[in-house]
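Subject: Structure handover and notes

Hello,

Here is the structure I promised to pass on to you. Please open it alongside this message, and my notes will follow below.

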Amino acid sequence: GHFLFDSEKKVCLICHGSCRQCTGQGVTDCTNCESSYPYFHVTDDESTQGQCLAVSEDTSNCHYGYFLPDPSAKKCFQCHSTCKTCTRAGNENCLSCDDS
């Protein structure tokens, strides 16, 4: 695993297993991803930290529930809650529906 130095406590804290680098120990605190989690989910374009995602088995980009507006950036954004797969945000851009 990879570590983050806590300068206040003077200890090394382990990053989440999907993170290569991080700002905290949580799953959404990644700033760089392990090779087995090549896609990065961020909440907006300005964010520098987020969640590392594995490649979906039947797509070549983001995992189910996320979309990839710019493949070169490898930043995944969340689909509308009713979508399993989508092309963009919004329920009018679903490619398939969430069954749950």
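Let me begin with a question you can check on screen: is F67 buried or exposed? F67 is buried, because its relative accessible area is 8%, and the cut-off for buried is under 20%. Please keep in mind throughout that this is a predicted model.

The aromatic pair

F67 is also a good place to start for another reason. The structure holds one aromatic pair. F67 and F77 are its two members, and their arrangement is tilted, with 6.0 Å from centre to centre and 35° between the planes. The pair links distant parts of the chain, as F67 sits in strand β7 (residues 66-67) and F77 in strand β8 (residues 75-78), 10 residues apart. F77 has a relative accessible area of 13%, so this ring counts as buried too.

The disulfides

Next come the cysteines. How many disulfides does the structure hold? There are five, and I will go through three of them here, including the link of C19 and C30.

In that link, the sulfur atoms of C19 and C30 are 1.9 Å apart. The torsion about the S-S bond is -60°, and the link is left-handed. This pair, too, joins distant parts of the chain: C19 belongs to strand β3 (residues 19-22) and C30 to strand β4 (residues 30-33), with their positions 11 residues apart in the numbering. Both C19 and C30 are buried.

Strand β4 appears again in another disulfide, the one that joins C33 to C52, where the S to S distance is 2.1 Å. Why is this disulfide left-handed? The torsion about the S-S bond of C33 and C52 is about -85°, and therefore the link takes that hand. C33 lies in strand β4 and C52 in strand β6 (residues 51-53), 19 residues apart, so to speak of distant parts of the chain is fair here as well. C33 is buried at a relative accessible area of 13%, and C52 is buried at 4%.

The disulfide of C79 and C86 has its sulfur atoms 2.0 Å apart. With -85° about the S-S bond, the link of C79 and C86 is left-handed. C79 counts as buried because its relative accessible area is 8%, and C86 is likewise buried, at 8% relative accessibility.

Which cysteine sulfur is nearest to that of C97? The answer is the sulfur of C94, at 5.5 Å, and C97 is in no disulfide. C97 is exposed, because its relative accessible area is 54% and exposed means over 50%. C12 is exposed as well, with a relative accessible area of 55%.

A loop residue to look at

Finally, please have a look at N93. This residue lies in the loop between β9 (83-86) and β10 (94-97). Is N93 buried or exposed? N93 counts as buried, because its relative accessibility is 10%. Leaving aside neighbours within four places in sequence, N93 is in contact with C86, T87 and R88. One of these contacts, C86, is the cysteine that forms a disulfide with C79.

That is what I have for now. I hope you enjoy looking through the model.

Best wishes

Technical notes: Residues numbered from 1 in each chain as written. Predicted model: local features only at pLDDT ≥ 70, side-chain atom pairs only at ≥ 80, totals over all residues. Heavy atoms only, no water. Helix = DSSP H or I, 4+ residues; strand = E, 2+ residues; numbered from the N terminus. Buried < 20%, exposed > 50% of the residue type's maximum accessible area, 1.4 Å probe, protein only. Contact = heavy atoms within 4.5 Å. Phe/Tyr/Trp six-rings, centres within 6.5 Å; stacked < 30°, edge-to-face > 60°. Disulfide = S-S within 2.5 Å.
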